[in-house]
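Ready to practise reading a structure? Work through each exercise by yourself before you look at its solution.

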Amino acid sequence: MRLFVIYTVDGITNGAVYAAVALALVMIWRATRIINYAQGAMAMFTTYIALIVIRHGAPYWLGFVIALAAGLVIGAATERILVRPVESRPPLNAVILSLGVLILLEAIAPMLFGGQTQSFPTPVSNIDLVAGGTTLDFSPFDLFTVGAVLVAMLLLFLVFQRTTLGLRMRAAAFNPEIARILGIRVGRMLTLGWGLAALLGALAGMLAAPSVYLYPSNMDEVLVFGFTGAIIGGLESPVGAVAGAVGVGLALSYVSGYIGSDLAPLGGFVILIVVLMLRPQGLFSFGTQRQV
Amino acid sequence: MNTVLRNSTLLRHGVFFLGLAALLLVLTSFVFDPYTNYNVTEVAIYAICTAGLTVLTGINGQVSLGHGALMMIGAYTTSVLLTWHPDLPLILMLLASMATTGIAGAIVGIAGARLRGPYLAGATLALAVALPQVPSHFASVFGGNQGLNVPTPAPPAFLGGDFSPEQWLAWITLAAAVITFFVLANLVRGATGRRFRMVRDNEVAARLSGIDVARTQVLAYMISAACAGLAGSLFAYWVTVTSPSGFTLNLSLSLLTAIVIGGLGSLAGAVIGSFILVYLPVWTGGFASSLNLSSNVANNVPLAIYGIVLIVAILVFPRGIAGGIGSIARGATRIIRSSRGPTALPAAPESPSQ
């Protein structure tokens, strides 16, 4: 029972990180119908920037803010410069483009920051809390991870549902043609959407780095598990993405704990296939079926 | 003679591929040095796999980000069989690897036939990440992270005692590649290829003309996987050790990127893409080491240049390098023909994109 609690807490904490990645992927998918395979590499890059800032004696929080800002800039720049020309082309072109960005970032990172694995600081302790003589099975950093992702989700929800800017962004994603007629700068909205998604990815990078460590391909698996969660959730629904990602986090943690850590990714794959066999569009998708 | 060749695809392909085989035999025996043979073997291995992927993704329209995992199944089939029965002939190893990978491909294909676009991409991506972890868990069979050693196949006695095993492997691999391309070229031109393309272009129309879409997709996946298995088996012989680190996510991604920058849907594009996969690191690596850079920079220059090539190729040649060459060639023919005056034949119609 004790182990079950430990695995569950682990699963939820990792799931929160996957959820941030999944949400970023869903935001970009909804806006531009593109899966950004470079999401993880962008997060790795911004986390390195934060590490440089922190190594130079700046407080963690300054590094944190700079990483998120860098994410916003990198995401927006990628959309404006690289993605815009392929948005109207066959979908595979966008896939290859984002793979190109992924490969490029993972090659530049070791040139700039060194290729060796580095540890990454946490803002609060990551040693399990003790209350009244018994060890609780979560640390302040676990709480911070889950809390930060929840806050980010809440802020995004408020921006998208309660502000004019959010309404414009939703309109641009929902129907670019009509949105343009109504005077919305659709291109600008898409750029902003990519920026916000990359900001969320940067958050995931900061939260993942203390446990997976920092090296050029450290976010590869996080991206795949976040993507798995997003697909299980149906790719269209932010709520589904978060639920799917937390589910993936829990499943990986149980497989890893009870069967063997090597088989955790295989467990993720099996769950993905089972869900897709039952619902080929994911759990939370209400889109029209393409089957005849 | 000319009309016979024009009328029989099988004969035309037969003549072309026999000529190609003869040319490759001469090149690998008398022209290339051992290092070139080594690289050409690698090109042929990737070409076998990317040709299969071209049939799946380019012709049938199913994306796979997990072909590295299928290659891994082929490589491990050969390696495990070799540790159990070291005396079995090589051809059996190749066929066994194609069989196991083909079965794996059928399973993935049955699951994949219900999935479209990013859902299929995600599922195959998850496979590419999951499968390389399996050998570490079942270390007693698969040798764990150290992997299994694979002896280089010995050349037959009639070639003489000083015939190098590397050249023998180059011959085997190139022969396998020529046969694979011959079979696939005929398949793609024939009724099966037409069914594949029809499913890719319009599922509804395919269904209305009585094509079983799901079965066609599973068949495409099986063929593609069998090619990956053959490539994986040869890869095991070429690397001489089969370990999980040989089948990273990067391999799967490289295979897909190769067919797209080569030119999606064309078998020639698969060769061009494989050539780029092998030779871009060779050339850029030599260039980087000539610049006296620190190892952190120099080691990553080839990868960075590959990333830049991908991005630029997609922005500049949206139909791949084979497509780019094709349209330049068509443009040139049109100019030549129009300069001959009004009696010239009309220009060949543009083939539909992809």
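Helices here are DSSP runs of H or I with at least four residues, numbered from the N terminus. Keep in mind that this model is predicted.

**Exercise 1.** Find where A:L235 lies, and decide whether A:L235 is buried or exposed.

*Solution.* Start with the location: A:L235 sits in the loop between α9 and α10 of chain A. Next, look at the backbone: the phi of A:L235 is near 65 degrees, a positive value in a residue other than glycine. Finally, apply the cut-off: a residue is buried if 20 or more other C-beta atoms lie within 10 Å of its own. A:L235 has 27 C-beta neighbours inside 10 Å, so A:L235 counts as buried.

**Exercise 2.** Now do the same for A:Y213.

*Solution.* A:Y213 belongs to the loop between α8 (186-212) and α9 of chain A. Its phi is positive too, about 65 degrees, although A:Y213 is not a glycine. Now count: 13 other C-beta atoms lie within 10 Å, so A:Y213 is partly exposed.

**Exercise 3.** Check whether the length of α10 (residues 238-258) of chain A agrees or disagrees with the expected span.

*Solution.* The helix has 21 residues, and at 1.5 Å a residue they should span 30 Å. The expected span uses one less than the number of residues. The end C-alpha atoms of α10(A) are 30 Å apart, which agrees. As for its surroundings, α10(A) is mostly covered, with 15 of its 21 residues buried.

**Exercise 4.** Describe how α10 (residues 191-201) and α12 (residues 213-239) of chain B cross.

*Solution.* Two packed helices are described by the angle between their axes and the distance between the axes. Here the axes come within 10 Å and cross at roughly 115 degrees. The crossing of α10(B) past α12(B) is left-handed. On the α10(B) side, the contact is made by B:R195, B:F196 and B:V199, while α12(B) brings B:V213, B:T216, B:Q217 and B:A220. Sorting the residues of this contact gives 4 nonpolar, 2 polar and 1 charged.

**Exercise 5.** Work out which helix of chain A gives the most to the side that touches chain B.

*Solution.* First, the extent: 44 residues of chain A are in contact with 42 residues of chain B. Then the helices: α4 (91-113), α9 (220-233) and α11 (264-278) of chain A each supply at least two residues of that side. The answer is α4(A), with 15 residues. By type, this side of chain A holds 32 nonpolar, 7 polar and 5 charged residues.

Terms used: Residues are numbered from 1 along each chain as its sequence is written. Chains are lettered from A and ligands numbered from 1 in the order in which they are written. This is a predicted model: local features need pLDDT of at least 70, side-chain atom pairs count only at pLDDT 80 or more; totals for chains, interfaces and linings use all residues. Two residues are in contact if their C-beta atoms, placed from the backbone, lie within 7 Å. Ala, Val, Leu, Ile, Met, Phe, Trp, Tyr, Cys and Pro count as nonpolar, Asp, Glu, Lys and Arg as charged, and the others, Gly among them, as polar. Axes are lines fitted to C-alpha atoms, for helices over the stretch in contact, and angles run from 0 to 180 degrees between N-to-C directions. A crossing is left-handed if the near helix is turned anticlockwise from the far one by less than a right angle, and right-handed if clockwise. A residue is buried if 20 or more other C-beta atoms lie within 10 Å of its own, exposed if 12 or fewer, and partly exposed in between; C-beta atoms are placed from the backbone.
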